[in-house]
Every structure is written in C-alpha cells, then in structure tokens.
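Me: I should like to learn how to read the confidence, the sheet and the largest pocket of a model. Please take them in turn.

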Amino acid sequence: MWNWYHHWEMLRLALGSLTFAGLISLAACSSDGGSPSNSAGAASTTAGASNTAGASTGGAGGSGQTGGSANAGASNAGSGNAGSGNAGASSAGASNGGANNGGSAGSAGGAPAGGAGAGTAGGGTAGGPTGCALCDDFEGVAAGMPPDPAKWTSTVLSDCMSTAAKPLVDASQHHSGAQSLKVAGTASYCDYAMVGNSAAFKALGNIVYGRYYVRFETALPAGHTAFMIFPDTGIKSLRVGGQNSALQWNRQSDDATLPSQSPAGIALSKVPPVATWMCLEFMVDQAKGLISTWVDGTLIQGLVADATPTADVDMAWGSAYKPMLTGVNIGWQNYGAGAMNLWFDDFALSTSRINCQ
C-alpha cells in the first residue's frame, strides 16, 4: 500500500512539473511572437521617416509648414508617433518665387513639424532653389539690422558719394516669411543705398540667372534710376532700373538703353506696379552678350537682347557688347529722378532659370 501511494505521489508531481514547464514555454513563445510585431513597427517607423510624400513644400521663406506633418508617412505600428517631425525631405524654400526645393533634408522623427524653416538650400541659403549660389529671404537677421554679412556687404561706387541710410532688414513688408530688405533711397543726384555680393556671383560662371521680388512704394519716376547694378570690368557697370517710369537695362559706358527710349520702345517694356510685390527674373549670357528679362513669369520683349537687332528694342544696344560682370548690387541709385522706398525679398542667383512661384 505504501509503495502504491508513494508511486502515485511521484507520478502526480512529475505531471505537475511537465504542465508548469509547458506553460512557461508557451508564455515564452508568446513573448517572442511580440518581437516581430515590434520590429515591424520600427520598420514602419523607418519607412515613415524616409517617406518623401510626407514632406510639404514650404510656405514662403521658411514658413511654419515646411516640415513633414506630425505623423508624416508614419505607421503607428509599434510607436505612437513614428516618423513625426520633419520626416522626409523638407522644402524650406521661400515662397518660391521659384524656389521650390530649398530646404535641407528633414530629420527623421523627433524634431517638431516645420523645423526646417532656416534650412540650407542646395549649397546656398533658405529662400532659393537647389544649386543656388546666393539665396536670401532675409529671415536670418533681426529686423533693423544690416543683412547677413556672410552674403552682403555695403556697396561702394567709385563715381558717386553715398549719404543715404544703409539698407536694413525690415518687418513692415515681406513677400514671404516675416521680413524683407528695405532701402530708403534719396533724391540727391547720384546718391545710392545698396548692398552687394561678388564671391558667390563669380562662382556662377558665364551664364547667370537671377530672381527676386521687389516692391516700390511709389511709381518709378520719369528720370533715370537704378535698383540693380552689376560691376563690369569692360564698361564700368551694367544697370537695371527705370526711365520714363518703365523698366530698362542701361550700359554705363555709352549710356545705351534696352529698350530704346522711344515711345515704341517704352511700350515694349513694363511699368512696375505700385505697392505690390513684383517678381523680376533675368538671364545674362556673358560670352554671347544675351539678356532676357521676365516680370511675374512673362518674358518682356523690350528687355531682351538676342543678337538679332530689333527696332526700338536692341537695335541701338547692338550685339558687340559682351558683359564681364564681377558681382551684383541691389538697392537704389537715382540720377536726379527722385527718392524711393523699396523692398527686396527672396533673392536668388543660379545657373538655371529659377521661376516665380
């Protein structure tokens, strides 16, 4: 009897041990089964972070929407906020008046949405296209200060004296973002207020494309003015400005104009709007002596030098002139025409057309 009872107890204990071990094994299998699910969640997170569809094209000049959305492209498997922040490539460009892909690549998760507002634009700065040599939306410097000294220096023109206030970053007007560059030009003859860049400009080589937005507080005067000047080793400078209240190119050496200042020539140019942002694009092919100009995306026939002489446009301008430009200056210079408050924003230089957007 004792032996039977003893053997029964040994058998019961053995069966109990086997059942307990089986439960542990099942629990372990269940736990291991969760790991692939977690790994899948992590993989989905990675997929969300690299999902460029999550990126949004930035609002003008680094607006708060430049990053990916809070859950850009992320699956919530395994993580509640997978791929949040700047997931994907951010487009921190300016309103893009042509600069559509200006932002740096967003950080995959972790950063808050819209954090790429001051990103680098393809080697340049925010507010411009990929491959931009000089791009500025004037957001990186406090209002009331001169523009970024790494991009702009005060212009010195050897044949004129400047008494005007220096151009400053300003928050009263902006095409994109919250700031622009304000210039307060005086009515004194030959007086100027400008900033310029030479290093980035020279790096572009033979063909130069530019794009910026400009806003004039009042109409261009009838007299000769300039708001963009290219120093030229051959003719002193090539200038863009106005005469007879319309846009023109002007060669300093012989005072030739594009278009001719005849009624027909002026009619082929463009009268800038007042108190409204205007997108100005230009192309200069220095080796061939070609010039093209667009206003708000439209080619202006009176502001084209194409080596095919056209009456009232480039007939007097000729085809012999080959620019040798060394930099670019923006601001205001007048030749007895009048004072002007004007603003510049979303400035960009590149080797290909930038466009207005």
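**Confidence, sheet and pocket**

Reply: Residues 1–11 keep a pLDDT (the predictor's confidence in each residue, from 0 to 100) under 50, and the model gives them zero contacts (heavy atoms within 4.5 Å) beyond four places in sequence. Residues 13–127 also have a pLDDT below 50, yet this stretch has 199 contacts beyond near neighbours in sequence. This is a predicted model, in which local features need pLDDT of at least 70, side-chain atom pairs count only at pLDDT 80 or more, and totals for chains, interfaces and linings use all residues. Residues are numbered from 1 along each chain as its sequence is written, and side-chain values use heavy atoms, without hydrogens and water.

Me: What is the mean pLDDT of the chain?

Reply: The mean is 74, and 64% of the residues reach 70 or more.

Me: In what order do the seven strands of the open sheet stand?

Reply: Strands are DSSP runs (E, at least two residues), numbered from the N terminus, and two of them pair if DSSP finds at least two bridges between them. The order here is S2-S5-S14-S7-S8-S9-S10, with antiparallel pairing. S2 and S10 (257–258) each have a single partner strand, so one side of each lacks a neighbour in the sheet. Between S5 and S14 there are six bridges, and Asn 197 lies opposite Val 328 in S14.

Me: Which residues are closest to the centre of the largest pocket?

Reply: A probe the size of a water molecule, rolled over the atoms, shows where empty space is left. On a 1 Å grid over the protein atoms alone, a pocket is an open set of points where a 1.4 Å probe fits, with protein on both sides within 12 Å along at least five of seven lines; lining residues have an atom within 4 Å of a point. Grid points are joined across faces, edges and corners, and the volume is the space filled by probe spheres set on them. The largest pocket has a volume of about 400 Å³. Of its 26 lining residues, Leu 157, Ser 158, Ile 229, Lys 236 and Ser 237 are closest to the centre.

Definitions and conventions:
Helices (H or I, at least four residues) and strands (E, at least two) are DSSP runs, numbered from the N terminus.
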